Structures are given as structure tokens and as C-alpha cells.
Amino acid sequence: MIGDFVAPEVGWLRAPDGENARVVFRAGKGRDGYMMNSDILEQFERAVAIVKKQWPDEDHYFVYDNAPTHLKRQDCALSASNMTKGPSANFHVAVDVLNEHGRPVVDADGKKVKAKERMANGTHNGQEQSFYFPDDYEVVELRGWFKGTERILQERGYNTAGKKSQCGKSFHNDCPKDRTDCCCRRMLYSEPDFQQVSSQLELLAKLKLGVSILYLPKFHCELNFIEQCWGYAKARYRVLPPTKSQEDMEKNVLKVLDEIPLETMQRFATRSLRFAHAYSTGLNGAQAAWVAKKYRGHRTIPDLTPFDLVEINKRRDVGQ
Ligand SMILES: [Zn+2]
């Protein structure tokens with residue numbers, strides 16, 4: 001598995017001295033393991049360092065797929081999912097234990113070692129709100145306990161009379177559509193601080209590195225032209241003489257990646273832009289694909305002709 005960064009202007013991210021942020025990973029048990037969020041963060045920091053050194057005066061945007069390893073939030077980030085309605089002595093979040101390199105510690109079975117921690121504070125009307133009773137709380141037995149969703153909502157000024165903890169078994173599936181006040185979990189889940197939790201990648205970008213992250217919508221690899229770069233390299237790799245040597249395999253992979261012409265990458269990038277533009281005008285997947293193909297070579301979709309509209313109309317009921 002290869003992880004790397006690419007931009008239409010320059011191709012693969014490379015510093016003049018050849019330094020790069022590429023990751024070569026033999027994925028799987030008994031090999032290099034699996035690419036974790038901590039690996040993604042580490043690679044991102046290396047990429048930002050290269051980019052900032054080379055283009056110190058530009059604003060930098062890094063585009064990531066909507067994949068769980070990219071979206072991972074901090075372990076103690078706000079989440080209403082498992083909260084109890086009433087006070088609880090046991091409500092904590094399981095947090096990865098990290099070693100001195102910031103990587104999760106794993107046990108003999110390869111499982112991540114977890115520690116219990118308090119969930120982070122919420123914010124309401126610009127004020128921090130702890131979800132745990134203070135150590136000097138008047139009811140001695142409740143000191144340090146989790147407050148429960150009902151109490152948290154009441155402190156925010158909501159009336160929770162008659163509200164259940166949650167609707168049905170899963171509050172994502174069983175709450176009535178478009179309701180935000182049906183149950184305590186849904187109410188808290190709908191609060192702005194619960195809705196606006198940043199991913200670890202976004203926090204690192206914003207708080208430490210001073211760059212921006214853009215996430216692509218789910219299941220839209222046509223918007224990410226790196227996918228076409230991988231595809232192009234794979235096709236070239238397959239026609240090379242087969243080898244059983246891991247070393248040769250790696251050499252071949254790197255060779256085909258480095259041999260993708262810049263103009264080819266730029267063609268892929270332009271195609272992704274055409275798709276993005278087509279979606280922004282309201283076309284569905286099949287329509288966008290048809291338009292992107294017809295107007296190949298254009299960065300944006302030009303004004304459509306009546307003939308185009310007929311073709312687009314034919315594709316209006318085709319799924320994504
Ligand atoms: Zn509900």
C-alpha cells in the first residue's frame with residue numbers, strides 16, 4: 001500500500017532534495033499491521049513541513065477522502081451515543097494509551113490498550129460545561145459522577161419533562177426523522193458543540209500547523225484525482241515481468257508511480273474538477289459522468305446546449 005500527496009501543478013509532493021511524505025506499507029497481520037489514524041497524522045505533519053518550506057507564502061489546503069482513519073475524532077471528543085440519562089459513576093470514554101512516540105500501545109494480541117478518561121467539556125453559549133459533578137458538589141455521593149443527559153440539558157435551559165433517554169434501540173435509526181427534541185440523546189446530539197466536533201486531522205491542521213483540511217463527500221472517488229493516478233500506475237505495474245521478490249515488487253511500484261507523466265496527472269485533475277462542477281450545478285452521478293466525458297479537456301462545464309439537456313434528462317432517474 002502506498003500513501004502519498006499529489007497536486008496538479010507539481011505532481012507527487014517532493015522537496016528539491018527529494019524529501020517526501022510517501023508511506024510504503026505492507027498492510028496485513030504479520031506485516032506492517034494496519035494504517036492507523038496516528039500514522040495518517042504523522043504523515044500529514046511531514047507533508048505540511050515540506051509544503052510550507054517550499055511555498056511559505058501560500059494558503060495550503062489538503063484534500064482527504066471521507067474514510068474512518070481520516071475522520072477519527074479524539075477519544076474524549078463529545079458524543080451522546082452511550083450517555084446515560086441519569087447520573088452515573090461509570091460513564092467514561094475509552095482512550096488509547098500512547099507510547100513515547102505518540103503511537104497506540106498494543107497488547108500481545110495486537111489489541112490497543114485503553115484507559116478510562118472523562119469526556120471533554122461541552123460549550124454552551126460560549127461557556128464551558130463539565131459533564132461531571134464538581135468535587136465539592138453539595139450531594140456528596142454524586143461528586144465526580146457523570147451528570148447524565150437530562151441534567152446536562154437542564155443546565156442548558158431545556159425542559160426535559162417526559163423525555164425518554166432515547167427512542168428505540170438506536171437513536172440514529174429509531175428517532176422520528178427531522179426531530180431534534182424527541183429524546184434526551186437526540187436533543188444533546190443536535191446541540192452545536194456535539195455537531196461541530198473536529199477530527200484529529202482538522203485539529204492538528206488548524207491548531208498546530210496553520211493549514212486547512214477539506215473532506216470529499218463519501219463514495220465519490222471520481223472527485224479525488226489521486227485515485228486515477230493509482231489506477232494508471234496499477235495498469236502499468238501489471239504489464240511488468242512478474243516477480244516473487246518483495247524488494248523487486250517495491251522497486252517496481254515506486255518506478256511506475258514516478259513514471260506517471262505530469263500532463264497525465266493534470267488531465268486526471270481536470271476531470272475531477274469537471275465532476276465537481278457538474279455536481280455543483282445539481283446533476284446526479286450518471287449525468288455528471290456523461291457531461292464530464294463529453295466536455296473532456298474543460299475545467300468547468302460550459303453552457304449546455306439543448307442537445308445536452310435532452311441527454312441529461314434521459315439520465316435523471318439513474319442512481320449515483
Ligand atoms: Zn429520539
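**Exercise 1. Describe the largest nonpolar core of this predicted model and state which elements supply it.**

Solution. Begin with the membership: the core comprises 22 residues. Within it, the residues with the most contacts are Phe5, Phe44, Phe62, Tyr64, Leu201, Val211 and Ile213. Next, assign the core to secondary structure: helix H1 (37–54), strand E5 (61–64) and helix H7 (200–209) each contribute at least two residues. H1 provides the largest share, namely seven residues.

**Exercise 2. Determine which residues Phe5 touches beyond four places in sequence, and identify another core that lies apart from the largest one.**

Solution. With residues up to four places away left out, Phe5 touches Gly11, Trp12, Leu13, Ala21, Gln43, Phe44, Ala47, Phe62 and Tyr64. Of these partners, Phe44, Phe62 and Tyr64 are also listed among the core residues with the most contacts. Another core, separate from the largest, holds 18 residues, including Leu78, Phe91, Val93 and Phe146.

**Exercise 3. Locate Leu71 and classify its exposure.**

Solution. First, the element: Leu71 belongs to helix H2 (residues 68–71). Second, the accessibility: the relative accessible area of Leu71 is 29%. Buried requires under 20% and exposed requires over 50%, so Leu71 is partly exposed. Third, the surroundings: not counting residues up to four places away in sequence, Leu71 touches Asn66, Ser199 and Tyr215. Finally, the C-alpha atoms of Leu71 and Leu201 are 7.2 Å apart, although 130 residues separate the two along the chain.

**Exercise 4. Identify the surface patch that contains Leu214 and classify the exposure of Leu214.**

Solution. Leu214 lies in strand E10 (residues 212–215). Its relative accessibility is 40%, and Leu214 therefore counts as partly exposed. Together with Tyr61 and Val63, Leu214 forms a nonpolar surface patch whose combined accessible area is about 300 Å².

**Exercise 5. Decide whether the protein as a whole is a compact globule or more spread out.**

Solution. The inventory of secondary structure is twelve helices and ten strands. For 320 residues the globule rule gives 20 Å, whereas the radius of gyration is 25 Å, well over that value, so the protein is more spread out than a compact globule. Along the principal axes, the C-alpha atoms fill a box of roughly 70 × 55 × 40 Å.

Further totals complete the description. Buried residues amount to 37% of the 320 residues. Among contacts with a separation of 6 or more, 56% join residues 24 or more positions apart. The accessible surface is about 19,500 Å², and carbon and sulfur atoms account for 51% of this area.

Conventions:
Residues numbered from 1 in each chain as written. Predicted model: local features only at pLDDT ≥ 70, side-chain atom pairs only at ≥ 80, totals over all residues. Heavy atoms only, no water. Core = buried A, V, L, I, M, F, W, Y, C linked by side-chain atoms within 4.5 Å. Buried < 20%, exposed > 50% of the residue type's maximum accessible area, 1.4 Å probe, protein only. Helix = DSSP H or I, 4+ residues; strand = E, 2+ residues; numbered from the N terminus. Contact = heavy atoms within 4.5 Å. Patch = residues over 30% accessible without salt bridge, like charges linked within 9 Å, V, L, I, M, F, W, Y side chains within 5 Å. Areas by Shrake-Rupley, 256 points an atom, 1.4 Å probe, with all protein chains shown as cover. Salt bridge = Lys/Arg side-chain N within 4 Å of Asp/Glu carboxyl O. Rg over C-alpha atoms; globule rule 2.2 N^0.38 Å.
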